[in-house]
Structures are given as structure tokens and as C-alpha cells.
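I opened a fresh page for this one and went looking for the odd backbone spots, the core and the empty spaces. My notes follow in the order I wrote them.

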Amino acid sequence: MKRAIYPGSFDPVTFGHIDIIERSAKMVDELVVAILNNSAKNPLFSIKERVSMLEEMTNHIPNVKITFFDGLLIDCARKMEASIIIRGLRAVTDFEYELQIAQTNRIVNSQIDTIFLTTSLEYAYLSSTIVKEVASYGGDISHFVPEQLVEKIYHKYNYKN
């Protein structure tokens, strides 16, 4: 079985994330979307909320599994028995950072490869940080995230849609 892991914060999940999930799920038997529980960050949504949102957004893709992890991605990939790490690239700056991590991961575990997927052009500008910035001022985020998530995000900032 070819299993891949697509890691990220997904705080919140965006159309760009969903695009990468849908495209990469077609390449493997199972895609594990792994949410990083980073204690150094102060996320907008809890791990439980992010798992729930991703399950809702991916329930139409039968070979996608949602989980979360602490620690190193390469250790999570090994535990999940994933042979591939999927990473999305928006710009050249993403590539430089991701290449360094991919090369480090390859040295730590040569059995796990990284595949880079460029984002679809319509989402090349999009990040969770942008969504949170716009939402924090009550701006329109309907072009960035699925309709089901808009109210949940505004609620975190005490705005009504």
C-alpha cells in the first residue's frame, strides 16, 4: 500500500489545502493529513476543532485519514508507515525552505521521500495567516475557505458573517 502524509497546521484549512489534499489523494492508496500540534504557537483553533474541520472538508475523499502529531514530521511519517511526504509550494521562497527540510528528512530516514506539489494558480497567494488577518478585521474570507468554515472563523474573532 502506498501511503503518503500531508502535514500542516491547517489553522484554518483553506481552499489551497483542500486542493493539495484532493490532488495528492489521487496519487496514493491512502493519504494521511497530519495536523501539527505545535506548542510554540498559539493557534486560532484547537487540534480537536481542526481535525473536525478537515474531516468535514474531506469526507468526500474515501482514502483520506485525518490525524494529529507532536514532534518531528519524519518520526510521524515512520509511525504512520508513510513512504511519501507531500508538501505544497506557493512560491520560490517556499521551495528553499521546504527543500532544506526534505533533504534533512531524507538523511534521517532514506526510506521516506518528499513530493512537492505546486499550488493551483488561483490559490498561490493564499495562506492560513492571510485568512486570519482578513478575518480579524471582519473582512470577506469567503474566497479563501469553504462556506462551512466562514462562520466558525468569524466566531473566533467575535464577528457575525
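**Entry 1: E81**

I started with E81, which counts as exposed at 62% relative accessibility. This is a predicted model, so I keep in mind that local features need pLDDT of at least 70. I placed E81 in the loop between α3 (73-79) and β4 (84-89). Then I checked its backbone: E81 has a positive phi of about 60 degrees, although it is not a glycine.

**Entry 2: the loop after β1**

Which other non-glycine residue did I find with a positive phi, of about 50 degrees? That was F10. F10 sits in the loop between β1 and α1. Buried or exposed? I looked up F10 and found a relative accessible area of 2%, which makes it buried, because the cut-off for buried is under 20%.

I stayed in this loop for the next item. The peptide bond joining D11 and P12 is cis, with omega at about 5 degrees. P12 belongs to the loop between β1 (3-8) and α1 (15-25).

**Entry 3: S128, facing that loop**

I next asked what the side chain of S128 has beside it. A polar atom of that side chain lies 2.7 Å from the backbone oxygen of P12. S128 itself is found in helix α5, and it is buried, with a relative accessible area of 13%. Leaving out residues up to four places away in sequence, I listed what S128 touches: F10, D11, P12, T14 and H17. So both partners of the cis bond and the positive-phi F10 are on the list of S128 contacts.

**Entry 4: T58 in α2**

I made a similar check on T58, a residue of helix α2. T58 counts as buried at 3% relative accessibility. A polar atom of the T58 side chain lies 2.7 Å from the backbone oxygen of L54. Beyond its neighbours within four places in sequence, T58 is in contact with I21, V64 and I66.

**Entry 5: the nonpolar cores**

Which residues touch the most other members of the largest nonpolar core? I noted L31, I141 and I153, in a core of 36 residues. The elements giving two or more residues to this core are β1, α1, β2 (30-36), α2 (47-58), β3 (64-69), β4, α5 (128-136) and α6 (147-156). With 5 residues, α2 gives the most.

I then followed I141 outward. Not counting residues up to four places away in sequence, I141 touches V131, V134, A135, V150, I153 and Y154. Apart from the largest core lies another one, of 12 residues, with V32, A34, L73 and A77 among them.

**Entry 6: the largest pocket**

How much volume does the largest pocket have? I noted about 1,100 Å³. Its lining has 38 residues, and the closest to the pocket centre are P7, G8, S9, R87 and E98. I checked which elements take part: β1, α1, α3, β4, α4 (92-108) and α5 each supply at least two residues of the lining. The largest share comes from α4, with 6 residues. By class, I have the pocket lining down as 15 nonpolar, 15 polar and 8 charged.

**Entry 7: the cavity**

How many cavities of 30 Å³ or more does a search of the whole structure find? The search gives 1. The largest cavity holds about 40 Å³ of space. Lining it are L73, I85, R87, E98, I101, A102, N105 and T114. The elements giving two or more residues to this lining are β4 and α4, and α4 gives the most, with 4 residues. I count the classes as 4 nonpolar, 2 polar and 2 charged.

Looking back over two entries, I spotted shared names. R87 and E98 are among the residues closest to the pocket centre, and R87 and E98 also line the cavity. L73, a cavity-lining residue, is one of the members of the 12-residue core.

**Entry 8: P62**

My last stop was P62, in the loop between α2 and β3. P62 counts as exposed, at 81% relative accessibility. I also took a distance: the C-alpha atoms of P62 and S142 are separated by 26 Å, and the two residues are 80 residues apart along the chain.

Methods:
Residues are numbered from 1 along each chain as its sequence is written. Side-chain values use heavy atoms; hydrogens and water are left out. Buried means under 20% relative accessible area, exposed over 50%, partly exposed in between (1.4 Å probe, protein chains only). A nonpolar core is a set of buried Ala, Val, Leu, Ile, Met, Phe, Trp, Tyr and Cys residues joined through side-chain atoms within 4.5 Å. Contact means heavy atoms within 4.5 Å. A polar contact is a pair of N or O atoms within 3.5 Å; within protein, one must be able to donate a hydrogen and the other to accept it, and residues adjacent in sequence count only if both atoms are side-chain atoms. On a 1 Å grid over the protein atoms alone, a cavity is a set of points where a 1.4 Å probe fits but cannot get out, and a pocket is an open set with protein on both sides within 12 Å along at least five of seven lines; lining residues have an atom within 4 Å of a point. Grid points are joined across faces, edges and corners, and a volume is the space filled by probe spheres set on the points. Ala, Val, Leu, Ile, Met, Phe, Trp, Tyr, Cys and Pro count as nonpolar, Asp, Glu, Lys and Arg as charged, and the others, Gly among them, as polar.
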